[in-house]
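Subject: The structure for you to look at

Hello,

Here is the structure I promised to pass on. Please have a look at it first, and then read on for what I found in it.

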Amino acid sequence: MKKVGILGGTFNPPHTGHLVIANEVLHAYGLDEVWFMPNQVPPHKTVDEPISHSDRVAMLELAIADNQHFRIERAELDRSGPSYTYETMRILKDMYKETDFHFIIGGDMVEYLPKWHKIDELLKMVKFVGVSRPAYTTDSPYDILYAETPQMDISSSMIRERVRDGRSIRYLLPDPVRVYIEEHGLYGT
Ligand SMILES: Nc1ncnc2c1ncn2[C@@H]1O[C@H](COP(=O)(O)OP(=O)(O)OP(=O)(O)O)[C@@H](O)[C@H]1O
Ligand SMILES: O=C(O)c1ccc[n+]([C@@H]2O[C@H](COP(=O)([O-])O)[C@@H](O)[C@H]2O)c1
């Protein structure tokens, strides 16, 4: 059976934190691949600056281009409305019957998990793998897996704020993504 990790996210923009946790979980759990799954509409937060799906996907493509174990999963982009993970995983499990899915979440999402749509049903469908994130715990009332990863205080919102303020974002994200942000004038460059 193929073992696949899914890292769902808004990826506005993708950054080093995303790549490191995906790679750590890939190796810790002997996964064959990690699928980066950009959401259509995040279920729990509003996107403060408008950004097109095509820009988010283009940046994600650049971010994962050098890793043969990483790919993009478009299931949520092709579906309108809030991207509830329960709905998405029902579709993916139906499409990929011989696949064991591990859904990767940072500490902020571990804390938020009890509020996820149909969480009890979702827990029966996928294994969650929690990774630590500065300022969040990985304690969960649920029986989830964990992976030790280096802690990185990097977030997409921090990168957007730095761009707005004219500060450097170098090394916080892959360089081709930084160049894309600058060339396309994203986040107020
Ligand atoms: N630095 C990090 N350490 C651990 N997990 C992270 C880190 N950054 C993101 N994640 C996890 O990656 C997934 C997708 O995150 P997302 O794309 O929303 O990025 P974000 O940095 O949290 O964005 P924003 O700052 O805009 O809220 C979530 O499960 C999140 O917890
Ligand atoms: O299904 C839910 O209720 C739910 C609530 C919050 C977050 N999620 C998913 O968790 C992943 C990380 O979310 P975000 O908003 O931090 O990018 C992404 O795939 C979201 O769709 C899912």
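Which element gives the most to the shell around ligand 1? Helix 1 does, with three residues. Please keep in mind that this is a predicted model. Strand 1, helix 1 (16–28), strand 4 (99–106), helix 4 and helix 6 (156–164) each bring at least two residues to the shell around ligand 1. There are 19 residues around ligand 1, and Gly9, Gly17, Gly106, Ser155 and Ser157 come nearest. By class, the shell around ligand 1 consists of eight nonpolar, nine polar and two charged residues.

Ligand 2 has 17 residues around it, of which Gly8, Pro42, Thr85, Trp116 and His117 come nearest. Here the elements that each supply at least two residues of the shell are strand 1 (2–9), helix 3 (85–95) and helix 4 (107–112). If you colour the shell around ligand 2 by class, you should find eight nonpolar, eight polar and one charged residues. Strand 1 and helix 4 are worth a second look, since each supplies at least two residues to the shell around ligand 1 and each supplies at least two to the shell around ligand 2.

Now to the backbone, where a few spots caught my eye. As a reminder, most residues other than glycine have a negative phi, and most peptide bonds are trans. The loop between strand 1 and helix 1 holds Phe11, and Pro13 has its place in the loop between strand 1 and helix 1 as well. Phe11 is not a glycine, and yet its phi is positive, at about 50 degrees. The peptide bond that leads from Asn12 to Pro13 is cis, and its omega is near 0 degrees. Is Phe11 buried or exposed? Phe11 counts as buried, because it has 23 C-beta neighbours inside 10 Å, and the cut-off for buried is 20 or more.

Lys118 is another residue other than glycine with a positive phi, near 50 degrees. You will find Lys118 in the loop between helix 4 and helix 5 (119–125). With 14 C-beta neighbours inside 10 Å, Lys118 counts as partly exposed.

Next, the loop between strand 3 (70–72) and helix 3, where Ala75 is placed. Glu76 lies in the loop between strand 3 and helix 3 too. Glu76 has 24 other C-beta atoms within 10 Å and is therefore buried. Leaving out residues up to four places away in sequence, Glu76 touches Met37, Pro38, Asn39, Gln40, Ser83 and Thr88. For one of these, Pro38, the separation from Glu76 is 38 residues in sequence and 6.8 Å in space, C-alpha to C-alpha.

Ala75 counts as buried as well, because 20 C-beta neighbours lie inside 10 Å. Apart from neighbours within four places in sequence, Ala75 is in contact with Met37, Thr88, Ile91 and Leu92. Met37 and Thr88 are thus on the contact list of Ala75 and on that of Glu76. In case you want a distance to check, Ala75 and Leu19 are 20 Å apart in space, C-alpha to C-alpha, and 56 residues apart in sequence.

There is also a helix pair that I think you will enjoy. The axes of helix 2 (residues 53–64) and helix 7 (residues 175–183) come within 8 Å and cross at roughly 155 degrees. Helix 2 is therefore roughly antiparallel to helix 7, as angles over 145 degrees count as roughly antiparallel. Helix 2 makes the contact with Ala58, Met59, Leu62 and Ala63, and helix 7 with Pro176, Val177 and Tyr180. What classes do the residues of this contact fall into? Seven are nonpolar, with no polar and no charged residues.

Finally, the whole chain. The protein chain has seven helices and six strands, and from the N terminus on they run β-α-β-α-β-α-β-α-α-β-β-α-α. Its radius of gyration is 16 Å, which agrees with the value near 16 Å for a compact globule with 189 residues. Along the principal axes, the C-alpha atoms fill a box of roughly 45 × 35 × 30 Å. Of the 189 residues, 33% count as buried. Among contacts between residues at least 6 apart in sequence, 74% join residues at least 24 apart.

Best wishes

How values were computed
Residues are numbered from 1 along each chain as its sequence is written. Chains are lettered from A and ligands numbered from 1 in the order in which they are written. This is a predicted model: local features need pLDDT of at least 70, side-chain atom pairs count only at pLDDT 80 or more; totals for chains, interfaces and linings use all residues. A residue is near a molecule or strand if its C-beta atom, placed from the backbone, lies within 6 Å of it. Helices (H or I, at least four residues) and strands (E, at least two) are DSSP runs, numbered from the N terminus. Ala, Val, Leu, Ile, Met, Phe, Trp, Tyr, Cys and Pro count as nonpolar, Asp, Glu, Lys and Arg as charged, and the others, Gly among them, as polar. Axes are lines fitted to C-alpha atoms, for helices over the stretch in contact, and angles run from 0 to 180 degrees between N-to-C directions. Angles under 35 degrees count as roughly parallel, over 145 as roughly antiparallel, 65 to 115 as roughly perpendicular and the rest as oblique. Two residues are in contact if their C-beta atoms, placed from the backbone, lie within 7 Å. The radius of gyration is taken over C-alpha atoms; the globule rule is 2.2 Å times the number of residues to the power 0.38. A residue is buried if 20 or more other C-beta atoms lie within 10 Å of its own, exposed if 12 or fewer, and partly exposed in between; C-beta atoms are placed from the backbone.
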